[in-house]
Amino acid sequence: MALAAGLACTVIGGLVVAAADGGPGTGYGIVGGYVDLVVGPIAMVLGGLALARSRRTA
């Protein structure tokens, strides 16, 4: 679940950043887009580590 959510978060964050016409404070959500670009890959890494760990112990 974390892998899919991280991927979606990264893609949507990239779309928000690409579509934004202004900078921070303009109401386009550019800061949230950049946060998504940081949090998304972190979620994917943690999800991958959890998946690898669950396969190793089973």
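Is Cys 9 buried or exposed? Cys 9 turns out to be buried, at 17% relative accessibility, where buried means under 20% relative accessible area, exposed over 50% and partly exposed anything in between (1.4 Å probe, protein chains only). The structure here is a predicted model, so local features need pLDDT of at least 70 and side-chain atom pairs count only at pLDDT 80 or more, while totals for chains, interfaces and linings use all residues. Residues are numbered from 1 along each chain as its sequence is written, and side-chain values use heavy atoms, with hydrogens and water left out.

As for the overall layout, the protein has two helices and zero strands; these are DSSP runs numbered from the N terminus, with helices (H or I) needing at least four residues and strands (E) at least two. Helix 1 covers residues 2-19, and helix 2 takes in residues 30-57. The C-alpha trace spans about 50 × 15 × 10 Å along its principal axes. The radius of gyration is 14 Å, against near 10 Å for a compact globule of 58 residues; the value is taken over C-alpha atoms, and the globule rule is 2.2 Å times the number of residues to the power 0.38. Buried residues make up 17% of the 58.

Back to Cys 9, which sits in helix 1. Setting aside neighbours within four places in sequence, Cys 9 is in contact with Asp 36 and Gly 40, contact meaning heavy atoms within 4.5 Å. Gly 47, 38 residues away along the chain, has its C-alpha 13 Å from that of Cys 9. Gly 33 is 24 residues from Cys 9 in sequence, with 8.9 Å between their C-alpha atoms. Gly 33 belongs to helix 2 and also counts as buried, at 1% relative accessibility. Beyond its neighbours within four places in sequence, Gly 33 touches Gly 13, Val 16 and Val 17. Across the protein, 51% of the contacts between residues at least 6 apart in sequence join residues at least 24 apart.

Then there is Arg 56, another helix 2 residue, which is exposed at 62% relative accessible area. Its C-alpha lies 36 Å from that of Gly 32, with their positions 24 residues apart along the chain.

On the surface, the accessible area of the protein comes to about 4,100 Å², and 72% of it belongs to carbon and sulfur atoms. Areas come from the Shrake-Rupley method with a 1.4 Å probe, and for residues only the protein chains shown count as cover. Val 31, Val 35, Val 38, Val 39, Ile 42, Val 45, Leu 46 and Leu 49 form a nonpolar patch with about 720 Å² of accessible area together. Patch members have over 30% relative accessible area and no salt bridge; like charges are joined within 9 Å, and nonpolar side chains (Val, Leu, Ile, Met, Phe, Trp, Tyr) within 5 Å. A salt bridge puts a side-chain nitrogen of Lys or Arg within 4 Å of a carboxyl oxygen of Asp or Glu. Leu 49, a patch member in helix 2, is exposed at 55% relative accessible area.
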